[in-house]
Amino acid sequence: MKKKIVSTIGILGLCTSLAFPAYAADPVNQEMHHHPYSISGFISHSELQKSLKQIEKSSNGVVQVEVAGQSHKGLDIYTVKVGTGDKVILIQSEIHGNEKTGTVAILNLLNNLSTNSKEAKKIREEVTLVFMPMMNPDASEGDKRRNSMTWAEVVEDFPQLASAKPSWNYLDRGISQSYNYGENPGFDVNRDFNPNLNYVPTAQDFPGASNKPGWFITPESQTSRDVYKALKAEYGNVDVFIDLHHQGMYYVDGTSDEVTLSLSAQFVPNPNTPEGAKYAPYADDYNYDFSRQLNVAAYNELQSYGNSKFTNISLYSQGLDLPGTALGSYALNGSGTVLFEVKGQTQMMGHKEKGQLVKSVERGLEAIIQGVADGSVETLNPEDYEKIPLTSNRPS
Ligand SMILES: [Zn+2]
């Protein structure tokens with residue numbers, strides 16, 4: 001609907017360009033600011049594009065930027081590769097577009113990793129790092145959780161779904177997180193993954209549910225899946241996958257400290273246990289202990305900044321069964337997995353506390369990368385994960 005209006009204006013614009021110069025901009029990618037908080041401290045898609053070009057150029061071949069795919073609205077989705085080691089780490093940000101610190105943290109990390117320092121060189125020898133910053137750019141530009149695709153557009157791509165009910169993660173009515181999805185519907189891309197990376201959508205698997213796999217019906221999840229599969233084909237395994245998110249405002253259990261960030265290693269029940277029996281085909285690949293070690297590496301690092309907000313770290317909700325998340329699907333495919341959930345989404349606080357929150361993500365990521373590069377992460381006790389405090393709704 002919206003697209004039709006826009007293209008009509010485009011045609012008029014051709015005839016009357018002097019009278020209506022304002023229409024020269026691309027209105028498809030411009031959405032109204034829909035909450036009272038400023039987000040100018042964060043990064044737009046065009047700023048990301050510029051920064052990546054600049055980092056690539058000044059790195060003299062150390063950093064390689066490629067276009068891995070396009071969003072539904074046609075914005076480029078990038079991969080940024082650093083390092084030549086045989087251990088592979090894939091890090092994604094902004095699958096939810098109102099969760100923005102991860103992209104800034106990735107750019108800061110790229111600046112550090114591309115230098116000539118001894119530490120950076122050592123990491124690049126041991127590890128191949130692949131970043132997908134702002135992997136859902138339509139959501140990022142709209143400053144909202146969901147992408148900008150309608151169910152009718154999905155059926156255009158997959159005609160076999162003509163008789164299916166729209167998937168459960170599609171929203172086309174009402175206001176959610178201050179955003180009007182009645183006007184601009186979309187899918188939660190982070191419920192569109194499937195542990196079967198070659199899955200083809202079939203009508204009988206819709207509308208689905210949160211404890212069932214997704215379908216790869218969105219171009220954004222398809223792009224992530226294609227990158228993941230290509231890495232698996234080239235290196236044998238994607239050793240580590242990290243997804244960078246934001247959550248609400250919570251407290252570190254048993255304290256009155258606001259959570260700075262929550263971590264997690266658990267997104268589906270362990271296929272090696274009775275609760276995870278439905279995932280039995282993935283049992284040999286799933287490596288929960290390695291995921292827990294990676295989380296402990298980030299936690300220990302942040303605890304080392306004693307008597308500061310950096311230490312207010314908790315475990316995200318445990319006991320989840322979310323196979324449609326990127327983390328759930330990739331964990332079942334053999335990746336050690338880490339979830340970062342930073343305090344507060346943009347519609348709650350805009351870019352407030354950005355410096356502190358970005359730094360927390362950076363420090364957690366650096367510890368994981370360092371620990372994988374030098375092998376020290378494998379000496380950590382996975383059971384220490386269970387000592388990380390839980391998350392609470394209330395201070396105590
Ligand atoms: Zn999120």
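In the predicted model, helix 3 and helix 11 are oblique to each other. Helix 3 covers residues 101–113 and helix 11 covers residues 354–374. Their axes lie 9 Å apart and make an angle of about 60 degrees. That angle falls short of the 65 degrees at which a pair would count as roughly perpendicular, and it is not under 35 degrees, so the pair is classed as oblique. The crossing of helix 3 with helix 11 is right-handed.

The contact draws on residues from both helices. Helix 3 contributes Thr101, Gly102, Val104, Ala105, Asn108 and Leu109. Helix 11 contributes Lys354, Leu357, Val358, Val361, Glu362 and Leu365. By class, the residues of this contact are seven nonpolar, three polar and two charged.

Helix 3 also lies across the strands. Its partners are strand 1, strand 2, strand 3 (87–93), strand 4 (127–132), strand 9 (240–247) and strand 13. Relative to strand 3, helix 3 runs at about 140 degrees.

The sheet is open and has eight strands. Their order is 1-2-4-3-9-13-11-12, with mixed pairing. Strand 1 and strand 12 (313–315) are the edge strands, each paired on one side only. On average, neighbouring strands of the sheet are turned by 20 degrees against each other, direction ignored. Helix 2 (residues 45–58) packs on the sheet as well, where it touches strand 1 and strand 2. The direction of helix 2 makes about 145 degrees with that of strand 1.

Two antiparallel pairs can be described in detail. Strand 1 (residues 63–70) and strand 2 (residues 76–82) run antiparallel and are joined by seven bridges. Within this pair, Gly69 stands opposite Ile77 of strand 2. The two strands form a hairpin, with five residues between them. In the turn, Gly74 has a positive phi of about 95 degrees. The second pair consists of strand 11 (residues 261–264) and strand 13 (residues 336–343), antiparallel and joined by four bridges. Here Leu261 stands opposite Val342 of strand 13.

At the level of the chain, the domain assignment gives two entries. Domain 1 spans 1–30, and domain 2 comprises 45–142 + 214–392. The C-alpha centres of domain 1 and domain 2 are 39 Å apart.

Definitions and conventions
Residues are numbered from 1 along each chain as its sequence is written. This is a predicted model: local features need pLDDT of at least 70, side-chain atom pairs count only at pLDDT 80 or more; totals for chains, interfaces and linings use all residues. Axes are lines fitted to C-alpha atoms, for helices over the stretch in contact, and angles run from 0 to 180 degrees between N-to-C directions. Angles under 35 degrees count as roughly parallel, over 145 as roughly antiparallel, 65 to 115 as roughly perpendicular and the rest as oblique. A crossing is left-handed if the near helix is turned anticlockwise from the far one by less than a right angle, and right-handed if clockwise. Two residues are in contact if their C-beta atoms, placed from the backbone, lie within 7 Å. Ala, Val, Leu, Ile, Met, Phe, Trp, Tyr, Cys and Pro count as nonpolar, Asp, Glu, Lys and Arg as charged, and the others, Gly among them, as polar. Two strands pair if DSSP finds at least two bridges between them. Domain bounds come from an automatic or database domain assignment.
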